[in-house]
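This note is addressed to a colleague who wishes to look at helix packing and enclosed space in one structure. Please read the points below with the coordinates open.

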Amino acid sequence: MNERRTGTDRSHRGSNPKERAGWKKGPRPGASGARPRVTDASAEQVKSGDRIVVTIKRIGINGEGVGYYRKKAVFLDGALPGEVVRAKVSAVHDKHIVAAVTAYEKESPDRRQPPCPVYDRCGGCQLQHLAYESQLRAKEELVREAFRRYAGIEGQALPLKPMLGMDDPWHYRNKAQLQLGAGRDGRIVAGLYEAQSHQLVDITGCTIQHDCINQTVEEVKAILERLHIAPYDVKRRSGVVRTIIVRTGFQSDDLQLTLVTGTETLPKSDQLVSELLRKVPGLTTIAHNINTRKTSLVFGDKTRILWGKPTMEDSLGDLKFSLSPRAFFQLNPQQTLKLYEAVRVAAALSGRERVVDAYCGTGTIALWLAPYAAEVRGIEIIPEAVDNARQNADRSGRTNAAFYAGEAEALLPRWVKDGYRPDVIVVDPPRTGCDERLLRAILAAKPKRLVYVSCNPSTLAKDCKALLAGGYELASVQPVDMFPQTAHVEVTVRLERIDTAK
């Protein structure tokens, strides 16, 4: 997963959120009372307000149920594969219909009561109402559907490996980044914005965040209230603290707290630090970031350390990392180890290869591969990330890894022109996929193997189609469940050059 991506995709399609979550249901078959008439219109004639019956076939990219009405796709939030639902059409588009469930003719045996009390409002998770083993199957199907639709590969032709899931798919996140606001009772609320609204949802006790993060957030809220340090209101330009960021080291047990303010100063900062140290055990860093702009970006440009170390320590395997408050680190360390091992297996290194990591971020994948290669070169467009990668290489003793600032689509052709030809190229691009110029540069470089890591199966499949047309074959597809209870799926693909594959 690329270091520049953060957060989760919280978009939803239409419908009442309680209907979306699936536990406030309409009348059962045979119940008394008249039912709205189901339309017999063709797919082209269906209009908003019509009633239709749909059998759900799979889960969509945003966690919605996907079925078909007379061969036209229908998206229904909260519906699960195998269910038969009555639904009211809310929007009609050229290629799909959006509808809201009004009643369940047949429910999935895999439907579960979500343990989170605000699951129907928060939007951070999309699949808590589906049994975990079924979540894994649904995500595998997402990958199959993407390759079928965008690369024309289906059935046995897709070398798909079983999903790598978690033994315990709860409390796995090592970082919380929560907005602050005032609740109706005047108390401070810390949480996420409800889908398609500006209503802040308190996510106290979040079931996917580590317990110590939840406890720290609650203590910070209580201390801010006692000291009368108000949450910041962007519209009114009043108050102080706009965001709380808490991160814990699963290996180091370091605990880093950052308060982002909408003001240049943080009032009562000495008292605040004293109270935090008294009430929050294990704190190693208390930082203050300033963001006075009217923006959706969380961090401002200025950060100062109020107390403790400027960075926190953590590790992945034998790799050691020093993390400043704004530095990226994987949100699910346990699954990250599985992901990086999947990359290593796909790279099939013997110790003699030259490897290029074309979207290296802070160097995590490149450094993971370095002990198994002759040489690793990482490319990253953000200079600060390159500096971090070099520091991480020094801390972990990876002397055969070097990092370069610039565009991969510019540096890679230059290296090839100068006589440097990589044996293996690794890419871990943003959700939008690889830049077309990079795909052309990879095809021109002709590496024996290409390892593609993606958090978006659709753009992955599209890019693979171009690479397959350019002389590669698909050797393996390994999905990894990086974010249980959500609709996200990470995929590692191995492509081999046809003239060297046999």
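The numbered points that follow concern a predicted model and treat two helix contacts, one pocket and one cavity.

1. Helix H3 (132-151) and helix H11 (457-469) both contribute to the lining of the second largest pocket, and their packing is taken up before the pocket itself. The two axes come within 8 Å and cross at roughly 40°. H3 is therefore oblique to H11, an angle of 35 degrees being the upper limit for the roughly parallel class. The crossing is right-handed.

2. Which residues make this contact? On the H3 side they are Leu142, Val143, Ala146, Phe147, Tyr150 and Ala151, and these meet Pro457, Ser458, Leu460, Ala461, Lys462, Cys464 and Lys465 of H11. By class, ten of the residues are nonpolar, one is polar and two are charged.

3. The second largest pocket encloses about 410 Å³. Its lining consists of 20 residues, and those nearest the centre are Arg58, Ile61, Arg149, Tyr150 and Ser458. Tyr150 and Ser458 also belong to the contact between H3 and H11.

4. Besides H3 and H11, the elements giving two or more residues to this pocket lining are strand S2 (65-69) and strand S3 (72-76). H3 supplies the largest share, namely five residues. The lining as a whole comprises nine nonpolar, four polar and seven charged residues.

5. A second helix pair is formed by H4 (residues 211-226) and H5 (residues 269-279), whose axes come within 10 Å and cross at roughly 145°. This crossing, too, is right-handed. Glu219, Val220, Ile223, Leu224 and Arg226 of H4 are in contact with Leu272, Glu275, Leu276 and Lys279 of H5. The contact has five nonpolar and four charged residues, with no polar residue.

6. How many cavities of 30 Å³ or more does a search of the whole structure find? The search returns three. The second largest cavity has a volume of about 60 Å³. Around this cavity lie Phe321, Ser322, Leu323, Ala327, Phe328, Phe329, Thr362, Thr364, Asn388 and Asn392.

7. Strand S14 (319-323) and helix H8 (383-396) are the elements that each give two or more residues to the lining of the second largest cavity. The largest share, three residues, comes from S14. The lining of this cavity divides into five nonpolar and five polar residues, with no charged residue, whereas the lining of the second largest pocket includes seven charged residues.

Note on methods:
Residues numbered from 1 in each chain as written. Predicted model: local features only at pLDDT ≥ 70, side-chain atom pairs only at ≥ 80, totals over all residues. Heavy atoms only, no water. Axes fitted to C-alpha atoms, helices over the stretch in contact; angles between N-to-C directions. Helix = DSSP H or I, 4+ residues; strand = E, 2+ residues; numbered from the N terminus. Left-handed = near helix turned anticlockwise from the far one by under 90°. Contact = heavy atoms within 4.5 Å. Nonpolar A, V, L, I, M, F, W, Y, C, P; charged D, E, K, R; others polar. 1 Å grid on protein atoms, 1.4 Å probe; cavity = no way out; pocket = protein on both sides within 12 Å on 5 of 7 lines; lining within 4 Å. Points joined across faces, edges and corners; volume = space filled by probe spheres on them. Parallel < 35°, antiparallel > 145°, perpendicular 65-115°, else oblique.
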